[in-house]
Amino acid sequence: MTEATVERAGARRRVKWGALLGLLSVVGAVAIYAANAAHYAEMPLRIEENEWPPMAHAIAESGKPIIEYSDGDHRVRFNPDLTVDRSPLVGAWHPPLYQYSLAAVAVVAGDSTSNGLRAVGAIGLLAAVALLLLISREVTPRWRLIGGVAAGLLIVHPYAIQGSVFLDIDNTIFAPLALLAMWLAIRFARQPGPLSATQVLGLGGALALVTWAKMTTTIALVGVLVVWWLLSRRPLRRAAIEAASFVGAGAALFVSTYAAWSMATGIPFSYTFDVTFAQKSGRLFGEWWITDHAAHWHLRWFGAAVLLLSAVYLIDLVRNLVASRRARPLDLLFLFGVGVLFNYVLASPTDGAYQGKYAFPALAALLLPVVWLLLRKPHGRASAWQWAGAAALGVMAAALMPDVLTNLSLYGHYGTWSFELAVVIGTGAALGAAWLLGRIDGDRRGFAGGTLLVVAILLVAQDVRSYRSDTSPLYPIPDTADFRVAATDLNASLGSREVVVAPKDLGFYVDGPVIEGEDAFARGDELLAAAMHRHSRIAAVAQGTFGPPIGPATTAVMDKCFLDRRVIGSVTIAYRDRDCG
């Protein structure tokens, strides 16, 4: 047997072992996702998740996101004259593509479970994984490795796992639709000649579809896409005409189809625009403490490892842009991710658990560029001891790293920046040490695979901690047992027509009528207090799960008439004294 034959046989064995390890890694990542997703799918709907199931069922019945008033309504609202508000509830808070997706699942699964609607997010994550692979195929001959690693890190990431089973838009259908638009842009931008009319309409149609999911985050996508297109295409004048063409086509397609939908449903064309923009304009560059909270929140959910590697990619992006004056394909995804984070951390931050759902598309967009940066060029074959060393570094870092998500406060203590700095330094040291393992063997580029292995171990370790804390998805307060007991106590203590004032997540699980605390807060403390004083069938007030604080006027009525107080962990329920009219 010649030396060349032996070498070929060895190469074939290495390929087989590599393929086997790759397959086992895929199976392991899918198993981790499936176990976690099944766990979270059965947890109570929290925060604002309860808004979606009633609208999905309304669409399944009538084709419209409108719930007409009836005497048996679950929600009770009062007018300023204390009469019951009988106006319909319109759910056009955003363009309704997500709600129609939920309605489709409701039709297939039936009305037996609201948690079953979480399947929409799991399907969306699967689509995002497929699109990461398609984008990888456009930009690198190593697309199976790079796309596969990025997809694997995505499906074991705590933010992606929990986001995929949380009912909302950005973390379910928006992310894959944004990736679809960016995949088409990268694919079309590769050709040297001008775009065809079909390509303009295709990319414009993708932008229209993204806008049908949500308008606000689409602003960041369109802005970044135009800048990237101008930096990627030559000549510049033609690139500007192309960008104007596909953005204009997307806008025309969205406006025309949305106008047709508005006429068909009877919902005013301006309704969604008013809710989305006019009523939320006060958030733009708001108070500094909200930005501070948002920065803590996103650092914890994205993870220090992902953000540190993103910082490295940013340096490489700037260096390349200065040298070549051209943007690279994956710069589009990266800049979109940065744009989303800028929007929801600095430009328009929100406080509390609301913010957890908005920035998810940035995670899917950042992972592929950072993996490409590390694996874009072949490295020397790592030895077993290097892999073992990287695994040991990851396990040590995971063991020393605290649980950064559980008990991350909704309206209170978000941690100190000295704590965040310690986490960043510890994570950076583990990543750097894994990288240097390659230098020991003379690889000037370091040990990229080991670095990514450390990232994966850190993510899975947080998965385990979050799983054991028994929280609902994207709701990091471990009060699930108390929440369920409180709902049971309310249902056992109240008559079928008695009304409870409760946060909307708890109220969703109350059998009788509910005044949602958030709606009451928006309408005014004095109105709620007057309604409680006049209507004796308002028999209980629950606090402590989610929602705004109780105002002073309402507190005064409670101190007079709601004296039966029951504390169930984090939940406090005050029942009306039957002798207090």
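Two strands count as paired here if DSSP finds at least two bridges between them. That is the rule behind the strand views of this predicted model.

**View 1. The hairpin of β6 and β7 in close-up.** Start with one pair: Val-567 has Thr-572 of β7 as its bridge partner. Zoom out a little and there are 5 bridges between β6 (residues 564-568) and β7 (residues 571-575), with the two strands running antiparallel. Just 2 residues sit between the strands of this hairpin, and Gly-569 takes a positive phi near 60°.

**View 2. The open sheet that holds the hairpin strands.** Reading across, the strand order is β4-β3-β5-β7-β6, so to speak a row of 5 strands with mixed pairing. Which strands stand at the edges? They are β4 (514-516) and β6; each has a single partner strand, so one side of each lacks a neighbour in the sheet. From one strand to the next, the twist averages 20°. As background, strands of a sheet pair through backbone hydrogen bonds, either parallel or antiparallel.

**View 3. The parallel pair, β3 and β5.** Here β3 (residues 499-502) and β5 (residues 538-543) are joined by 3 bridges and run parallel. If you want a residue pair to click on, try Val-499, whose bridge partner in β5 is Ile-538.

**View 4. Helix α19 on the sheet strands.** Helix α19 (residues 480-493) lies across β3, β5, β6 and β7. Its direction makes an angle of about 10° with β7.

**View 5. Helices α14 and α15 packed together.** Now for a helix pair: α14 (residues 329-347) packs on α15 (residues 360-375) with 8 Å between the axes and an angle of about 140°. Are they roughly antiparallel or oblique? Roughly antiparallel would take an angle over 145 degrees, so α14 and α15 are oblique to each other. The crossing of α14 past α15 is left-handed. On the α14 side, the contact residues include Leu-330, Phe-334, Gly-337 and Leu-341, while α15 brings in Pro-361, Ala-365, Pro-369 and Trp-372, among others. Sorted by type, the contact has 14 nonpolar residues, 1 polar and no charged.

**View 6. Stepping back to the whole protein.** The full tally is 23 helices and 7 strands. Along the principal axes, the C-alpha atoms fill a box of roughly 100 × 55 × 45 Å. The radius of gyration is 26 Å, which agrees with the value near 25 Å for a compact globule of 581 residues.

Definitions and conventions:
Residues numbered from 1 in each chain as written. Predicted model: local features only at pLDDT ≥ 70, side-chain atom pairs only at ≥ 80, totals over all residues. Heavy atoms only, no water. Helix = DSSP H or I, 4+ residues; strand = E, 2+ residues; numbered from the N terminus. Axes fitted to C-alpha atoms, helices over the stretch in contact; angles between N-to-C directions. Contact = heavy atoms within 4.5 Å. Parallel < 35°, antiparallel > 145°, perpendicular 65-115°, else oblique. Left-handed = near helix turned anticlockwise from the far one by under 90°. Nonpolar A, V, L, I, M, F, W, Y, C, P; charged D, E, K, R; others polar. Rg over C-alpha atoms; globule rule 2.2 N^0.38 Å.
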